[in-house]
Amino acid sequence: MDSVRAAVSGPTRVRAGRRIRGSRHQAPGGETACFIHARMRRVIDTVTTRHPGATIVLVSHGTFLHIGLTELLRNVSPEWAEGFPLVNAGTIVALHGPDGLRCETWCGAVPPSDS
């Protein structure tokens, strides 16, 4: 039991760099990165349209967030995000504006300025 506890107690590292972005690879029974991007964009657009100006909390699995948000956040790349692994209950704070999503913090780290 201690070995199982030790294996799951540390931070969960997500390896979803350039090879995932825009990928059409699909694990058996899973989604492609392209499908994840589209589904996440649809959810964010729907929620922000229904609740303009509101503070919205979206909760999901770390890998889904990593793959989806590194494509949708205009100032975060998969390569940058790999340096700041999503830990259990980690938070990503983003602002939604007329020009899209911009990350304020990614698990406590401040991302680079918009390019």
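A salt bridge here is a side-chain nitrogen of Lys or Arg within 4 Å of a carboxyl oxygen of Asp or Glu. With that in hand, let us walk through this structure, which is a predicted model.

**Salt bridges**

The rule yields three salt bridges. Arg39 pairs with Glu31, and their closest N and O atoms are 2.8 Å apart. That distance is within the 4 Å cut-off, so the pair qualifies. Asp99 and Arg74 make another bridge, at 2.9 Å between the closest N and O atoms. This pair links distant parts of the chain: Asp99 sits in the loop between β1 and β2 (100–106), while Arg74 sits in the loop between α3 and α4 (78–82), 25 residues apart. Arg102 and Glu104 also meet through their side chains, with an N to O distance of 2.5 Å.

How exposed are the partners? The table gives the relative accessible area of each residue.

| Residue | Relative accessible area | Class |
|---|---|---|
| Arg39 | 33% | partly exposed |
| Glu31 | 30% | partly exposed |
| Asp99 | 54% | exposed |
| Arg74 | 31% | partly exposed |
| Arg102 | 27% | partly exposed |
| Glu104 | 28% | partly exposed |

Asp99 counts as exposed because its 54% is over the 50% cut-off. Its partner Arg74, at 31%, is partly exposed.

**Overall layout**

Stepping back, the protein has four helices and two strands. Read from the N terminus, these elements follow the order α-α-α-α-β-β. Of the 115 residues in the protein, 28% are buried.

**The largest pocket**

Next comes the largest pocket, whose volume is about 960 Å³. Its lining is made of 36 residues, and those nearest the centre are Ile56, Val57, Leu58, Ile92 and Ala94. The elements that supply two or more residues to this lining are α2 (33–50), α3 (62–72) and β1 (92–97). Which of them gives the largest share of the lining? That is α2, with six residues. By character, the lining of the largest pocket splits into 22 nonpolar residues, 13 polar ones and one charged residue.

**A nonpolar patch on the surface**

Two of the names above come back at the surface: Ile56 and Leu58 join Val43 in a nonpolar surface patch of about 220 Å². Leu58 is found in the loop between α2 and α3. Is Leu58 buried, partly exposed or exposed? Leu58 has a relative accessible area of 47%, so this residue falls between the 20% and 50% cut-offs and is partly exposed. The value is also over the 30% that a patch residue needs, so Leu58 can take part in the patch.

**Positive phi angles outside glycine**

Finally, two backbone spots deserve a look. Ala89 has a phi near 65°, which is positive in a residue other than glycine. Ala89 belongs to the loop between α4 and β1. At a relative accessible area of 79%, Ala89 is over the 50% cut-off and therefore exposed.

Cys107 is not a glycine either, yet its phi is positive at about 50°. Cys107 lies in the segment after β2. With 26% relative accessibility, Cys107 is partly exposed.

Terms used:
Residues are numbered from 1 along each chain as its sequence is written. This is a predicted model: local features need pLDDT of at least 70, side-chain atom pairs count only at pLDDT 80 or more; totals for chains, interfaces and linings use all residues. Side-chain values use heavy atoms; hydrogens and water are left out. On a 1 Å grid over the protein atoms alone, a cavity is a set of points where a 1.4 Å probe fits but cannot get out, and a pocket is an open set with protein on both sides within 12 Å along at least five of seven lines; lining residues have an atom within 4 Å of a point. Grid points are joined across faces, edges and corners, and a volume is the space filled by probe spheres set on the points. Ala, Val, Leu, Ile, Met, Phe, Trp, Tyr, Cys and Pro count as nonpolar, Asp, Glu, Lys and Arg as charged, and the others, Gly among them, as polar. Patches are made of residues with over 30% relative accessible area and no salt bridge: like charges are joined within 9 Å, nonpolar side chains (Val, Leu, Ile, Met, Phe, Trp, Tyr) within 5 Å. Accessible areas come from the Shrake-Rupley method with a 1.4 Å probe; for residues, only the protein chains shown count as cover. Buried means under 20% relative accessible area, exposed over 50%, partly exposed in between (1.4 Å probe, protein chains only).
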